[in-house]
Amino acid sequence: MIPTTPSGSVAMENVKQSNICENERSAPTVKANTIDELHSLQRKKGVTPTGSQLDLFTLSDDQRQKQQLQSISASLASLTRETGPKVVKGDPATRLETQRVTHVPHQRVTPTIAVSDSALKFTHLLYNLSPAELYEQAIKYEKGSFISSNGALATLSGAKTGRCPRDKRVVKDALTENDLWWGKGSPNIEMDEHSFMVNRERAVDYLNSLDKVFVNDQFLNWDPENRIKVRIVSARAYHSLFMHNMCIRPTPKELENFGTPDFTIYNAGQFPCNRYTHYMTSSTSIDLNLARKEMVILGTQYAGEMKKGLFSVMHYLMPKRKILSLHSGCNMGKDGDVALFFGLSGTGKTTLSTDHNRYLIGDDEHCWSETGVSNIEGGCYAKCIDLSREREPDIWNAIKFGTVLENVVFDEHFREVDYADKSVTENTRAAYPIEYIPNAKLPCVGPHPKNVILLACDAFGVLPPVSKLSLSQTMYHFISGYTALVAGTEEGIKEPQATFSACFGAAFIMLHPTQYAAMLAEKMQNHGATGWLVNTGWSGGSYGCGNRIKLSYTRKIIDAIHSGSLLNAEYKKTEIFGFEIPTEVEGVPSEILDPENTWSDKKAYKETLLKLAGLFKKNFETFTDYQIGEDSKLTEDILAAGPIF
């Protein structure tokens, strides 16, 4: 018998125990008649601004959505038809009443075809989706997209696993004819306005033919006074997530008031261009029209084309504002001292700019304005080949939920990534938000740089481990952008091969290299920055004979640059290149600071030194016909800073 109180209630102790079961039994039934209704309860609605927050928003939700749809509809408008598809927000899989949505017409143009089937359909906009939503879209609808064991989205970029610089085109018109660098050595291959419009029409037609497209509205440049609004219209969730990571993500309030973008990308990379279109040389084309502020991608799904295409745009727009755009890494010390790192692939730019004792401002693209430096991007695009937790712990730990893993190979069952596997490509990549790096400086801005470090992996073994550069020498070596490929890195290379890339990013610059170099020198002079050339390559002989300079020694050199102690060292001048080299660096054997000391065969050293100097001279011939300023004095100073025989 259960003991009761005089009133007949259950004893208190038993009441406490029985309440647990009683509460479970009396819980209300979920009000859902279908699994779809149940799923609708699973997704929590976003927080609505209340009280004083509402005063910040002057438009109603309907008005704001109408303006947004009108803007995007105009972006997707075809120029040869009166109307495009009916543009509505939301996933077609969850929108059951699309027919009730009123189409917001875009700006009318004179049509050549009055009606098309495109006008009879809806194109759904998946607008600024979250990473979780984009994961769902990619896994459901994109073959080759999977969640890896570390939580990243592993996906494939299709047949193209790298950029196609020979297929990049820039419209040559009244705006760009005299501004841009054209001709020998230039990355800017021209096309005309008509050919661009043919490709634009093809891309927009393809995007409009789809049931849904992804739209990202985001920013470039962390400097709030000079940020650029960009819109990316794409067909793949992978591309949308990639750009979500790589651009600067707007706050909800900034997104509400985004307005008209400054630049728009139409990524129809799954669809080829017409090879019979004038200026086309393949089924791939990446086209920039600076007057229309548009970029079109056809025939390649490699996401890096969007990132670097926008970088090219910044290389054009920023110098017009007297802001220098730079292909560099950038970090800052605890005392606010900023360093820029320039270097081509394999020079150690990522390794040396990622320093646990310093804040990372950015790993790849920056601006230098009158107020200091700012990162252009909101994320990092790191190489993954042979990635290990021990060597690159920050990158390893950044590969988690939200990260895009491009073209990696993974175990079929456990989905563990094998970073050493090159089955798809050697150019495996990870794209993640910069806040995934623990020592990232947020916001990604800093004061004026104190040091400008040019990195070269000299496989010839004749450049000093570190050299202090004059302003003219900094300009010369910045324009040269030298490193060397070693035997075995590419098929057919049997001995070291010099590689030059103007401004350490020739594929992305828009103006003549000397214009960027002159801006760099002016800013360095105005703000007291010092230029350095650091060789991370060989010593004691060329590749195959000498030894690569130890990373520990290079780190000691970089530490001495950061601390300022290297400025106070004693220096001596080398022959041929005229470098100022220190006689002593703490933690580095003094004998290796002068490369001649490390060669047992002095004659071979002199011959190799002269050979490399000749390669520099030959490469620089491309730039000697360009005059900087009203007279040729600055041009002459740069030429005099090169090797002297």
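**Two packed helices and a buried valine**

Author: Helix α4 (residues 131–141) packs against helix α6 (residues 237–246) at an angle of about 155 degrees, their axes being 8 Å apart. This is a predicted model, in which local features need pLDDT of at least 70, side-chain atom pairs count only at pLDDT 80 or more, and totals for chains, interfaces and linings use all residues. Residues are numbered from 1 along each chain as its sequence is written, and side-chain values use heavy atoms, leaving out hydrogens and water.

Reader: Why are α4 and α6 called roughly antiparallel?

Author: Angles over 145 degrees count as roughly antiparallel. The angle here is about 155 degrees, so α4 and α6 are roughly antiparallel to each other. The contact (heavy atoms within 4.5 Å) involves P131, L134, Y135, Q137 and A138 of α4, with A237, S240, L241 and H244 of α6.

Reader: What makes V462 count as buried?

Author: Buried means under 20% relative accessible area, with a 1.4 Å probe and protein chains only. V462 has 2% relative accessibility, so V462 counts as buried. Across the protein chain, buried residues make up 52% of the 645 residues.

Reader: Lovely! Which residues does V462 touch, leaving aside those up to four places away in sequence?

Author: V462 touches P595, W599, Y605, T608, L609 and L612. One of these, T608, is 146 residues from V462 along the chain, yet their C-alpha atoms are separated by 7.2 Å.

Reader: And where does V462 lie?

Author: V462 sits in the loop between β24 (449–456) and β25 (466–469). Strands here are DSSP runs of E with at least two residues, and helices are runs of H or I with at least four, numbered from the N terminus.

Notes:
Buried means under 20% relative accessible area, exposed over 50%, partly exposed in between (1.4 Å probe, protein chains only). Axes are lines fitted to C-alpha atoms, for helices over the stretch in contact, and angles run from 0 to 180 degrees between N-to-C directions. Angles under 35 degrees count as roughly parallel, over 145 as roughly antiparallel, 65 to 115 as roughly perpendicular and the rest as oblique.
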